[in-house]
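Reader: Hi! Could you walk me through this fold?

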Amino acid sequence: MRRYESVVILDPDLPDDEIVDFTDQYSSLIKTGGGEVIKIEDWGPKKLAYLVKKRDKGRYILFDYVGMPTLISEIERRFKISDAVLKFLSVKLDEDVDLEAFKAATEEAKPETQAPTEPVSLPEPAPEEPAEAAAPPEAAAEETGQQPEEQVATANEPVGQAEEAIAESKEPAEQLSAAEPQKEGEQS
Amino acid sequence: MSKPPKKRSFPRSKVCRFCADSSLRMDYKEPNILRIFITERGKIIPRRISGNCAKHQRQLTTAIKRARNIALLPFTVPRR
C-alpha cells in the first residue's frame with residue numbers, strides 16, 4: 001500500500017453540489033478499490049499562474065489517500081477522461097503503508113481526521129458579485145446586508161493574505177536577484 | 001604576480017533559510033514560500049545567490065517544479 005496525494009484543478013464554474021458529487025465519487029472509488037481516504041480538502045477557486053484550457057481560474061481539490069498502484073492508475077485514467085478536470089498532479093508521499101496499522105491510528109484520531117472531509121460539502125461563500133449587487137439596495141441590505149458582508153470578508157481573506165505574502169516575498173527576491181537584471185540585459 | 005581584478009561582491013544571505021528556520025516548510029502546495037526563491041521572471045534562484053544548502057536546494061527545485069505543474073507558480077512571466 002502506498003500513500004498518495006492528488007491535487008485536481010476543476011472547472012471553477014461548476015456548482016457546489018457537483019463538486020460534492022465529484023469528491024464523493026472519487027472517495028467511493030478509492031474505497032471500492034481497496035484504499036482508504038485520509039482527507040479531502042477544498043481550497044476553493046484560485047487564480048492560476050497561467051492559462052489552463054483557456055481559463056485563468058480553477059477550483060483546487062486535494063485528495064490524500066492510501067491505495068495500491070493499480071488504484072492510482074484508475075483514478076488518473078478517470079481524471080483524464082473527466083471534462084470537469086482541467087489539470088491534476090499526483091504525488092507519492094509514502095512507499096509502504098500498512099493499512100491495518102494506519103486505520104488503527106486514524107481510528108483514534110477520527111474526530112480530527114474526519115473533520116476535514118466535511119467542510120468540503122460546505123458551500124463556499126457566494127461569489128462576490130451577487131453579494132455586492134445585493135448590498136446597494138438599502139432595503140434589502142437591512143435584512144441580508146450582514147451575512148453577505150461576512151461572506152465576502154471570508155472569501156476575500158485568502159486572497160488578501162496571498163497578496164501580502166507576495167508583496168513580502170518579492171522584496172527578498174529582488175534583493176537576491178540583484179545580479180539578475182544585468183545578466184538578462186546582456187542576453188537580450 | 002599581479003592581483004586578479006577585484007570581484008564585485010553582492011550582498012547575500014549565506015545561511016540556508018531552511019536550515020536556519022525549521023518552521024519554514026517547503027511544500028509545492030505553499031506557493032507563497034516558494035515565491036521567495038524565484039525571480040520576477042519565474043526562474044529558480046541559484047544556490048550561489050540564495051545561499052541554500054545543497055539538500056534543501058534539491059528539495060526546493062522539485063517543489064517549485066511541482067508547483068509549476070499544478071499552476072500555482074508560473075513557468076515564465078512574459079514581459080508586459
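Author: Happy to; here is a short tour of a helix and a sheet. This is a predicted model, where local features need pLDDT of at least 70, side-chain atom pairs count only at pLDDT 80 or more, and totals for chains, interfaces and linings use all residues. Residues are numbered from 1 along each chain as its sequence is written, with chains lettered from A and ligands numbered from 1 in the order in which they are written.

Reader: Which residues of H1(A) are buried?

Author: They are A:Ile19, A:Phe22, A:Thr23, A:Tyr26 and A:Ile30. Buried means 20 or more other C-beta atoms within 10 Å of the residue's own, exposed means 12 or fewer, and C-beta atoms are placed from the backbone. Helices (H or I, at least four residues) and strands (E, at least two) are DSSP runs, numbered from the N terminus.

Reader: Why do they line one face of the helix?

Author: Because, seen down the axis of H1(A), the buried residues fall within an arc of 90°, taken from the directions from the helix axis to the C-beta atoms.

Reader: And what's on the face turned away?

Author: That face of H1(A) carries exposed A:Asp17, A:Gln25, A:Ser28 and A:Thr32.

Reader: Cool. What comes after H1(A)?

Author: A:Gly34 follows, with a positive phi near 85°.

Reader: Switching to the sheet: what's the strand order?

Author: The 4 strands of chain A form an open, antiparallel sheet ordered E2-E3-E1-E4. Its edge strands are E2 and E4 (85-94), each pairing on one side only; pairing requires at least two DSSP bridges.

Reader: How many bridges join E2(A) to E3(A)?

Author: There are 11.
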